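Take a look at the model below and keep it open while you read. The report goes from loops to strands, then to cores, cysteines and rings.

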Amino acid sequence: MEESNNYGHQHPLLLILNQDQLIHNQSGVTHCSRCGEEVSVPCFCCVEHCGFYLHKACADAPLELNHPFHPHHTLVLLQEPPSSYTGCVCDFYDKTCQKFIYHCSCELDFHIKCALFTFNVAENNLKELDHFSLQHPLISTSNGDEELEDVSKCFGCREPLAKYTHFSPNCRFNLHEKCAKLPFKLNHNCHHKHPLTLQFNSERLSCKICQVTRRRGFVYGCSPCKFVVHIECVSESLDLIVEDKRHRHPFTLLLRGSSFICDACGTEGSYASYICCTCNIMVHKKCTSLPRITKSKWHDHRLFHKYFLRIKDFRVLDYIICHDEVNTEHGSYYCSKCTVIFHVKCVMKDNDSYEIVENEDEESTDESVSSITKVLERNDAGEATVIEHFKHNHYLILSDRVGEYDDKCCGGCLLPIVASFYYCTQCDFFLHKVCVELPKVKHVWHHRCRPPLVLISNEVFECVQCLWLSNAFSYKCEECETRRCFRCIIALTPGARTCLGHKHPLLFYSKYIGRCVACGKDGIKGLFRCKDCDFSLDHKCFSLPITFQYKNDQHLLSLTYGDDNSYSESHFCDVCEESRDPNLWFYNCATCDISAHINCVLSEYTFLKLGSIFKLREDVHEHPLTVVKKIYYYPNCGKCGKPC
């Protein structure tokens with residue numbers, strides 16, 4: 001043990017060389033004050049025993065680091081991430097950094113240990129690396145023994161580890177033996193202009209061979225040309241001929257001196273392309289095995305891949321998920337039933353978003369999940385006019401006589417009957433045609449659980465999307481037990497939507513943040529937007545009933561998007577008698593000249609079926625309660641004391 005300088009600490013420090021000399025805290029673990037990791041010898045400790053410890057490597061870390069893998073800027077040692085950061089993640093290890101980091105002006109950040117470890121790899125200083133067999137993995141434990149913490153992937157190339165690995169006991173990093181001894185520079189036939197240099201992917205560029213963007217680990221790159229390739233793509237031998245059962249003809253390797261657009265997925269490729277001379281198409285290597293048929297959580301039907309599309313065959317000329325304009329000159333997935341188109345990159349976004357249909361002759365499962373259990377009659381156009389539905393005991397008849405039933409509501413969504421519907425002749429039951437056609441089970445893109453949602457009814461729930469209470473039909477996730485109402489399921493089905501008060505179709509942008517024109521709220525994330533003009537609606541306003549039967553008016557109230565009356569005394573709500581912003585949406589009865597705030601018309605229990613009986617908790621009320629439309633004398637609420 002020897003005394004040393006204090007490395008910025010207020011007390012002198014002692015160098016400890018023996019593990020037994022460490023003074024642990026109550027948890028039995030001591031952490032380095034710079035890197036936050038568990039301390040091991042050699043290290044420094046405070047002579048006053050104030051809890052300050054430093055790994056010797058962290059103590060000796062330079063204030064500035066000229067890293068060979070990032071040669072164009074200097075990495076600066078900071079005591080904590082910059083104040084402008086909301087969070088800091090290491091660009092090598094993918095770990096949150098809260099203490100000392102090496103920071104670059106190009107927003108590249110490294111945990112102090114990651115910067116020093118990769119610097120040693122770059123300098124070929126591998127003395128801290130041990131060589132272990134994965135047949136007997138080791139993990140670092142509190143008593144000083146060593147074990148491999150993560151034996152799944154190499155920290156250099158992010159690929160699965162082989163039988164043996166190099167392991168750093170101090171950092172607990174794993175490296176393939178080949179990745180620990182990579183050449184710093186190499187020449188490769190995919191880039192003849194300049195040598196490729198081993199480096200960090202600081203500009204987050206995609207690999208020119210496989211097109212995948214990977215922030216972590218090492219790449220070979222040429223900075224002047226903004227050219228990077230993954231370590232495994234450089235070393236991988238490219239097959240001269242690729243055959244796959246999903247394509248009738250073989251693909252042949254063609255090395256190019258320039259980029260190309262893949263005919264299978266429509267994205268850019270470089271240098272290594274595969275061509276089918278029979279079909280006259282050029283694709284990435286990964287696209288030679290692209291699934292011909294998939295089942296995606298973005299859509300209820302099977303999707304088919306096609307290299308070239310005829311634009312006249314499709315009713316929607318935007319890609320359904322990302323809303324980009326359709327490019328018919330390159331491959332896409334399409335639904336033959338709905339005539340809508342999907343980007344390949346959107347369908348194949350992650351492994352949880354789609355399933356491959358291997359047997360193309362296999363019958364579609366669309367019929368088995370249909371809510372219509374039996375079609376009894378069809379009209380000349382092929383529409384099912386008399387059906388049996390799995391949520392009702394009697395047969396249902398199709399009708400478009402909307403005006404005769406404008407005082408009735410759909411049992412599925414509890415909205416007024418304003419479009420084609422099915423009705424029961426034996427009881428007071430109605431379902432919109434669009435609600436009847438929703439399946440028993442459904443995948444939805446805005447839900448993260450893998451199992452599909454299941455259609456249920458007659459359960460009181462709060463919709464996780466619009467937050468309305470309801471006991472109409474809903475979709476339930478058996479895994480997380482959340483529920484979504486029919487109105488939200490229909491509204492958020494991918495595709496263009498028409499809207500009250502706007503002539504152009506609206507598309508849902510999940511990441512857009514802006515203002516809703518209906519309610520005036522700003523800073524809302526996720527809006528229905530028009531691509532042609534500055535018009536946006538939040539999800540709740542988009543799903544508002546177009547017409548609604550209010551208890552105090554014999555006519556249906558209509559959702560109204562503009563008040564033409566210029567008299568300020570007219571801008572009042574006839575329900576609460578408070579002022580009303582004429583620029584925001586409201587409900588109006590033109591016959592009775594009544595206008596009202598949306599929230600005054602739609603109460604908390606708007607989407608609960610009349611006559612429904614509920615049992616509350618014993619401490620609230622011991623008897624069942626019935627949902628009623630109106631009580632003549634307006635008694636006071638037993639809970640809040642206000643008139644009902």
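Histidine 49 lies in the loop between β3 (43–46) and β4 (53–55). Strands here are DSSP runs of E with at least two residues, helices are runs of H or I with at least four, and both are numbered from the N terminus. The model is predicted, so local features need pLDDT of at least 70 and side-chain atom pairs count only at pLDDT 80 or more, while totals for chains, interfaces and linings use all residues. Residues are numbered from 1 along each chain as its sequence is written, and side-chain values use heavy atoms, with hydrogens and water left out.

**Two unusual backbone angles**

Most residues other than glycine have a negative phi. Histidine 49 has a positive phi of about 55°, although it is not a glycine. Its relative accessibility is 54%, so histidine 49 counts as exposed. The cut-offs are simple: buried means under 20% relative accessible area, exposed means over 50%, and partly exposed is in between (1.4 Å probe, protein chains only).

Lysine 226 has a positive phi too, near 50°. This lysine is found in the loop between β14 (218–222) and β15 (227–230). Its relative accessible area is 45%, which makes lysine 226 partly exposed.

**A strand with two faces**

In a regular strand the side chains alternate between the two faces of the sheet. Strand β12 (residues 185–188) shows this alternation. Leu186 and His188 point to one face and are buried. Lys185 and Asn187 point to the other face and are not buried.

What does β12 pair with? Its partner is strand β13 (residues 191–200), in the antiparallel sense, over 3 bridges. Two strands count as paired if DSSP finds at least two bridges between them. A hairpin joins β12 to β13 through 2 residues. Histidine 188 stands opposite histidine 191 in β13.

**Domains from the record and nonpolar cores**

An unreviewed UniProt entry lists "domain: DC1" for residues 191–234, 245–287, 390–436, 502–541 and 553–601. UniProt positions are given in the numbering used here, feature names are shortened, and annotations may be inferred rather than shown by experiment. Take the span 502–541: it is 8% helix and 57% strand, and its end C-alpha atoms lie 14 Å apart.

Leucine 507 is found in strand β37 (residues 502–514). At 5% relative accessibility, leucine 507 is buried. Its C-alpha atom is separated by 9.4 Å from that of serine 536, a residue 29 positions away along the chain.

A nonpolar core is a set of buried Ala, Val, Leu, Ile, Met, Phe, Trp, Tyr and Cys residues joined through side-chain atoms within 4.5 Å. The largest has 66 residues, and Leu537 and Tyr587 have the most contacts inside it. A second, separate core of 63 residues includes Cys88, Phe92, Ile101 and Ala180.

**Cysteines without bonds**

How many disulfides does a search of the whole structure find? The result is 0. A disulfide here is a pair of cysteine sulfur atoms within 2.5 Å. For cysteine 97, the closest cysteine sulfur is 4.5 Å away, in cysteine 88, and that is too far for a bond. Cysteine 409 is in no disulfide either; the nearest cysteine sulfur, in cysteine 413, is 8.1 Å away. Cysteine 97 is buried at 5% relative accessible area, whereas cysteine 409 is partly exposed at 41%.

**Aromatic rings**

Rings of Phe, Tyr and Trp (its six-membered ring) pair if their centres lie within 6.5 Å; planes under 30 degrees apart are stacked, over 60 edge-to-face, and the rest tilted. By this rule there are 18 aromatic pairs. Two of them appear in the table.

| Pair | Centre to centre | Angle between planes | Type |
|---|---|---|---|
| Phenylalanine 69 and phenylalanine 184 | 6.3 Å | 15° | stacked |
| Phenylalanine 200 and phenylalanine 218 | 6.2 Å | 45° | tilted |

Phenylalanine 69 and phenylalanine 184 are 115 residues apart, so the pair links distant parts of the chain. Phenylalanine 69 is buried at 2%, while phenylalanine 184 is partly exposed at 34%. Phenylalanine 200 lies in β13 and phenylalanine 218 in β14, so their pair ties together parts 18 residues apart in sequence. Both phenylalanine 200 and phenylalanine 218 are buried. One aromatic cluster is formed by Phe69, Phe92, Phe110, Phe117, Phe184, Phe200 and Phe218.
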